[in-house]
Every structure is written in structure tokens, then in C-alpha cells.
Amino acid sequence: MASSLSQAAGQAFDNLFVKWSVGQLKISMSFFWPQVMAIFPDSQANGRPVANWGTVLASAENQTPNGKPIMTYLNNAAQIVYRLCWMGSYLQSVALITNAQANDLLAAYNGSFT
Amino acid sequence: MAYPQPNPDQYVLDLYKFWNLTTPLSSPGDIYESTQGSLAFCVGPDSDIANVNIAYFDEQVPTKMHLTAISPARSLTGLIAARNDQTYDPPGRPGRILFWAGDVYDPNFRPPGFNPLRDGIDFVPPILNVIQYFSSPPTLVPQRTDRNYLFQAYSSLGGLAYLVIPYYGRKYAYINFTNGNPTDPSTVGIQGLNYSITQDGSAHPYHQLTTIRAPAAVAPFASFTQIITTSANGMFDALVFSVSDGGPAPLVIRTSDTQG
């Protein structure tokens, strides 16, 4: 379990690798990005960078095959989640998103990928 | 990333022919959006970032999102409509052009053996420079300009001072160090760094370090020169310098996309 968003970013590849190894990469991504969208509505401009990552992740998830796809899909997904978590961490550090939003994002990450 | 996030809307309203986004990365997750269509994207001359990923609206793709990448050697020319009136599937967010650094950056990197009680580390944050054209550009010469750095003093708490400078996609570096301390030698090392997605602070982070100059003493008023090339040393995301003395000690670094 990650205890912060920067820690979640650092664990992204390792955690997604586990999901990929057992054929759950797509389903874990599909569980995560809708929560991101719910936490960061488009009307809140300050949180939109995180939602933009969620949009990119949703597209990646949609194109990811079920089961255990080739490793390219894992690499793409891990880099998107890495950057998404860093974005959340940065926006929290400069108070552009609330601590509640950051905590919800971290909970979504842990619930989806750990 | 500066806030409010820079965007091209005012440039279009003022009839500019292009939007030149130049900003240091605030975090590895920086992402930018443009609600304006374009006729070309290229990496700007001042960019430290070598690879930029672009996502744009494409009706032919099931999710309506097409991903591509540009680099100093490859621009993206052609009409790209932002399509604010449409939405990406499946999240239903409005069509916008999104772009971000394709290279990995990690400001939490610390060298093996780093002691926060004695050692210091300073990063030169990578600059992202992307140019979006709103009219047909006459020519695109996206090669980046050479980057020049001059450092003279180094911060530590009695241990080593580390300095990390961006080197994404560069093919050549000229480095000249002079120990200006009249009494004390300074031990100087140079490493090439490739970032990984890793848990910083753990016992063995995955970042890859390649020794270019093993730490060695530089006598008072002595100098050394180091040349780094892709053929001799490899390609790196960043260069890491370690210096044992706070200075004065001029360190000149020149990096280039062209191998001399």
C-alpha cells in the first residue's frame, strides 16, 4: 500500500506489473480511471491536469486487451499512472487540489493496483 | 508547470501565428492542454526534454484519442483540430489537444550512499519547450540549441555536493572543471543517469548510473576536461556531478545535439 501519491508514483510499475502478470491489467485500469474522473470533475480547472491523465488512461485501458497482453501495454499504463500520481502529488503540494481529493486519489490507487 | 496553466487561447485571439510554451517541469506529471487546433507541433529550440507525447482527437480511433510523439528530429505537421465540441470516449471529456514530456524525470532521485545529513543535491529542472503553429510554418528546423551551464560554488553540509543537469537526447558534452580553492583539493566524479519508475528512498532504487569519471582529486588551481559522446559513453537522461569542496570552482558544461 502506498502512503502518499509520490510513493504511489514510485510503485506504479511494480504494482501494475503484478496486475499484468496475473492478467488483471485491464480490469484494474478500468476500476481506477472512473474514480479519477469522479474526484476531478472537468469544471474544476485546478484539478483538470489529473483528469487529463485520467482521460489518457481511459483511452489506454480501452485499447488494452483482456488477459495478459504484450508488455508494451504494461509500459504505457505504468508511465501514465506514474505521471498521474505525480501530478496529484504536485497539485496537492501547492494547494491546487484539496487534501480530501488527494486522499481519495490515493485510496483509488491503492484499491485498484495494490 | 506555472499556474494558471499557460494556454494558447490569448495568442490566437491576438492573431499570433504560433504559441511558444517554455516552462520548467514542476513535476514528472506535468501535462498541458490546448483548446486550439494547429498546423504543426515541434520541439522548441530551448527544450531540455527531447521527446514530447501528443494526444489529439481522431474520429478514426475507437476512443477518439490518437497518441503520437515528436522529437528534435521529427515534428508533426498537418491540420490537427482540437474538436472542443466532441468528447473522448469513454470518459466523455471534451476534445482537447494534450501533450506532455515523454522523457522520465524524478526530482526525488538520490545517488547511492547519499547522506541527507551531510550531502546536498541540486537539480537543474528540465525545460519543456513546445511550439504549436496556427498557420503553416515556412520551415521547421527543430534542432535544439546548445545548452551552456556555469557553476562556481556547491552546497553541502560537509559531505558531497551533487549537481544533476538534464541531458535527454544530447549527443555531446564538453565539461571543464577548475579547482579554485587555493588550499584544498576537491574530489570530482561524473555519472550518467537514466531514470526509472522506482520507489525512491528504498534500499535499492532502480535508477541506472554509469560512471563517466570515477571520483578523483583535483589539486588546488588544477583543471580537467571531460568529453562525453554517445559513441564513447552512451545516452543518458541526466548527468550527475559530485564535488567534495564547496568552491570556488568553475564548472563549465556545454551540451549539444550534434556530436562534435
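## An exposed arginine

With 11 C-beta neighbours inside 10 Å, B:Arg118 counts as exposed, since a residue needs 12 or fewer such neighbours to fall in that class. Keep in mind from the start that you're looking at a predicted model. You'll find B:Arg118 in the loop that links β7 to β8 (120-123) of chain B.

What does B:Arg118 touch once its neighbours within four places in sequence are left aside? The answer is a run of B:Ser156, B:Leu157, B:Gly158 and B:Gly159. For a sense of distance, try B:Asn20: it sits 98 residues from B:Arg118 along the chain, and their C-alpha atoms are separated by 41 Å.

## Chain B at a glance

Now zoom out to the whole of chain B. It has 260 residues, and 37% of them are buried. Its secondary structure comes to 2 helices and 17 strands. If you boxed up its C-alpha atoms along the principal axes, you'd need roughly 70 × 40 × 35 Å.

Chain B also has plenty of contacts between residues that are far apart in sequence. Take the contacts with a separation of 6 or more: 80% of them join residues 24 or more positions apart.

## Two domains and where they meet

The domain assignment splits chain B into domain 1, covering 1-139, and domain 2, covering 146-256. Going by C-alpha atoms, the centres of domain 1 and domain 2 of chain B are 28 Å apart.

The two do touch: 23 residues of domain 1 of chain B are in contact with 20 residues of domain 2 of chain B. On the domain 1 side of that meeting place, you get 12 nonpolar, 4 polar and 7 charged residues.

## The first sheet

One open sheet in chain B has 4 strands, in the order β1-β9-β3-β6, with antiparallel pairing. The edges belong to β1 (18-24) and β6 (76-80) of chain B; each has a single partner strand, so one side of each has no neighbour in the sheet. From one strand to the next, the twist averages 20°.

Look inside this sheet and you'll see β3 (residues 38-43) of chain B paired with β9 (residues 127-133) of chain B, antiparallel, over 4 bridges. If you want a landmark, B:Ala40 has B:Tyr133 in β9(B) as its bridge partner.

## A buried strand

Is strand β4 (residues 52-57) of chain B largely enclosed or largely open? It is largely enclosed by the rest of the structure, because 5 of its 6 residues are buried.

This strand has antiparallel partners too. β4(B) pairs with β5 (residues 65-70) of chain B over 6 bridges, and 4 bridges join β4(B) to β7(B). A handy residue to find here is B:Val52, which stands opposite B:Ile70 in β5(B) and opposite B:Ala101 in β7(B).

## Another sheet, further along the chain

Chain B has another open sheet of 4 antiparallel strands, this one in the order β10-β17-β12-β15. Here the edge strands are β10 (147-151) and β15 (223-229) of chain B, each pairing on one side only. The twist in this sheet averages 10° from one strand to the next.

As for how the strands join up, β12 (residues 172-178) of chain B runs antiparallel to β15(B), with 7 bridges between them. One pair to look for is B:Thr178, which stands opposite B:Ser223 in β15(B).

## Meeting chain A

Chain B isn't on its own: 23 of its residues are in contact with 29 residues of chain A. Both β2 (31-34) and β7 (97-101) of chain B supply at least two residues to the side that touches chain A. Sorted by class, the residues on that side of chain B are 13 nonpolar, 7 polar and 3 charged.

## The shared core

The largest nonpolar core holds 98 residues, and the members that touch the most others are A:Ala12, A:Val36, A:Leu57, A:Val81 and A:Cys85. Helix α4 (residues 71-93) of chain A gives the largest share of this core, with 12 residues. Chain B joins in as well: domain 1 (1-139) and domain 2 (146-256) of chain B each provide at least three residues.

Which residues does A:Ala12 contact, leaving aside its neighbours within four places in sequence? They are A:Ala78, A:Val81, A:Tyr82 and A:Cys85, along with B:Ile197 from chain B.

Note on methods: Residues are numbered from 1 along each chain as its sequence is written. Chains are lettered from A and ligands numbered from 1 in the order in which they are written. This is a predicted model: local features need pLDDT of at least 70, side-chain atom pairs count only at pLDDT 80 or more; totals for chains, interfaces and linings use all residues. Domain bounds come from an automatic or database domain assignment. Two residues are in contact if their C-beta atoms, placed from the backbone, lie within 7 Å. Ala, Val, Leu, Ile, Met, Phe, Trp, Tyr, Cys and Pro count as nonpolar, Asp, Glu, Lys and Arg as charged, and the others, Gly among them, as polar. Two strands pair if DSSP finds at least two bridges between them. Axes are lines fitted to C-alpha atoms, for helices over the stretch in contact, and angles run from 0 to 180 degrees between N-to-C directions. A nonpolar core is a set of buried Ala, Val, Leu, Ile, Met, Phe, Trp, Tyr and Cys residues joined through C-beta atoms within 7 Å. A residue is buried if 20 or more other C-beta atoms lie within 10 Å of its own, exposed if 12 or fewer, and partly exposed in between; C-beta atoms are placed from the backbone.
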